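Here's a chain to look through together. We'll ask what makes each label fit, and then check the values behind it.

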Amino acid sequence: MSKAAKKKSSKKRSGSEAAQFDQKTIQEFKEAFGIMDQNKDGIIDKSDLKDLYASMGQIASDSQIDAMIKEASGPINFTVFLTLFGERLTGTDPEATIVGAFAMFDKKDCGKIKEDELIKILQNKRGEPLDEDEIKAMYKGKPPIEGGEVDYKAFAHLITTGAQDELASA
C-alpha cells in the first residue's frame, strides 16, 4: 500500500471541515464570526444572536435562537463555527449559501424579502457595506424586485452567474 493510499484510508472524518477551506474563505468566516460575536468574547451565544438580529431590525424568538445554538456540540467558538459551516457547505455552491443567508430574513418562508430589507442588509455597517454608487449599480443590473419585494433566490442566481461583473462595470 502506498503512503498516499495509507493516508487516505486512515483519514477519517474528524468533524473539522476547516481544512477544506482556502485562506480567503477562512478570512471571510473570521469576519462573519466577528460580526456575529457582538460582545467580542470569542463565543457566539444566545445574547450575541439576539443582538445581531436586533442590529438588523429583526426580532428572533427564543425558540429560533435556541435551535441555532443547539446545532453546535458546545460553546460556539471560531473552530466550532467553522465546523458547523463546513458541514453545511460541503458540496454547496455560493448561490445556495447566499440563498440561505437571505432566507434568515424571510419570516413568511415565501422566497421573498422586502426591498428596503435588502438595502438595509447590503448597507449593514458591520460587514462590507455597499455605498450609494454600488446600490445604484445593483439596480442597473435589474435585480428581481417587483412590488417592493425581492425574489432572493433569483437575486442570488443573478449575483453568482457573472452579473456582478456587469454591475461593477455599470
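Q: Which residues does the UniProt annotation "domain: EF-hand" cover?
A: According to the UniProt record, an unreviewed entry, that annotation covers residues 24-59 and 93-128. Keep in mind that the model you're looking at is predicted. In this model, the span of residues 24-59 is 64% helix and 0% strand, and its end C-alpha atoms lie 32 Å apart.

Q: What makes up the secondary structure of the whole chain?
A: There are 10 helices and 3 strands. Read from the N terminus on, the elements go α-α-α-α-α-α-β-α-α-β-β-α-α.

Q: How many of the 170 residues count as buried, as a percentage?
A: That comes to 28% of the 170 residues. As for the surface, the chain exposes about 11,100 Å², and carbon and sulfur atoms supply 55% of that area.

Q: What makes the pair of Phe 33 and Phe 81 edge-to-face?
A: Start with the distance: the ring centres are 5.3 Å apart, and rings pair if their centres lie within 6.5 Å. Then take the angle: the planes sit at 70°, and over 60 degrees counts as edge-to-face. So both values fit the label, 5.3 Å for the pairing and 70° for the edge-to-face part.

Q: Where in the chain do Phe 33 and Phe 81 come from?
A: From distant parts: Phe 33 is in helix H2 (residues 23-36) and Phe 81 is in helix H5 (residues 78-89), with their positions 48 residues apart. Both Phe 33 and Phe 81 are buried. They also belong to one aromatic cluster, together with Phe 29 and Phe 78. By the ring-centre rule, the count comes to 6 aromatic pairs.

Q: Why is the pair of Phe 102 and Tyr 152 called tilted?
A: The ring centres are 6.2 Å apart, which is inside the 6.5 Å limit, so the rings do pair. The planes are at 45°. Under 30 degrees would be stacked and over 60 would be edge-to-face, so 45° leaves tilted as the label. This pair links distant parts of the chain too: Phe 102 is in helix H6 (residues 94-103) and Tyr 152 in helix H9 (residues 152-160), 50 residues apart.

Q: How do you know whether Phe 102 and Tyr 152 are buried or exposed?
A: Buried means under 20% relative accessible area. Phe 102 has 8%, so it's buried. Tyr 152 has 2%, so Tyr 152 is buried as well.

Q: Why does Leu 118 count as buried?
A: Its relative accessibility is 0%, and the cut-off is under 20%, so the label follows. Leu 118 sits in helix H7. Leaving aside neighbours within four places in sequence, Leu 118 is in contact with Phe 102, Ile 113, Met 138, Val 150 and Phe 155. Take Phe 102 from that list: its C-alpha atom is 8.5 Å from that of Leu 118, and the two residues are 16 apart along the chain.

Q: What makes E1 and E2 the edge strands of the sheet?
A: The sheet is open, with 3 strands in the order E1-E3-E2 and antiparallel pairing. Strand E1 (112-114) and strand E2 (145-146) each pair on one side only. E1 pairs with strand E3 (residues 149-151) over 3 bridges, and Ile 113 has Val 150 in E3 as its bridge partner. Helix H7 (residues 115-122) lies across E1, E2 and E3, running at about 80° to E1.

Q: Why is Asp 66 called partly exposed?
A: Asp 66 has 27% relative accessibility. Buried would need under 20% and exposed over 50%, so 27% falls in between and counts as partly exposed. Asp 66 lies in helix H4 (residues 62-70).

Q: What makes Lys 40 and Lys 142 count as exposed?
A: The cut-off is over 50%. Lys 40 has 57% and Lys 142 has 67%, so each counts as exposed. Lys 40 lies in the loop between H2 and helix H3 (46-55), while Lys 142 lies in the loop between helix H8 (132-140) and E2. Phi is positive in each, near 55° for Lys 40 and near 50° for Lys 142.

Notes
Residues numbered from 1 in each chain as written. Predicted model: local features only at pLDDT ≥ 70, side-chain atom pairs only at ≥ 80, totals over all residues. Heavy atoms only, no water. Helix = DSSP H or I, 4+ residues; strand = E, 2+ residues; numbered from the N terminus. Buried < 20%, exposed > 50% of the residue type's maximum accessible area, 1.4 Å probe, protein only. Pairing = 2+ DSSP bridges. Contact = heavy atoms within 4.5 Å. Axes fitted to C-alpha atoms, helices over the stretch in contact; angles between N-to-C directions. Areas by Shrake-Rupley, 256 points an atom, 1.4 Å probe, with all protein chains shown as cover. UniProt positions renumbered as here; feature names shortened; annotations may be inferred.
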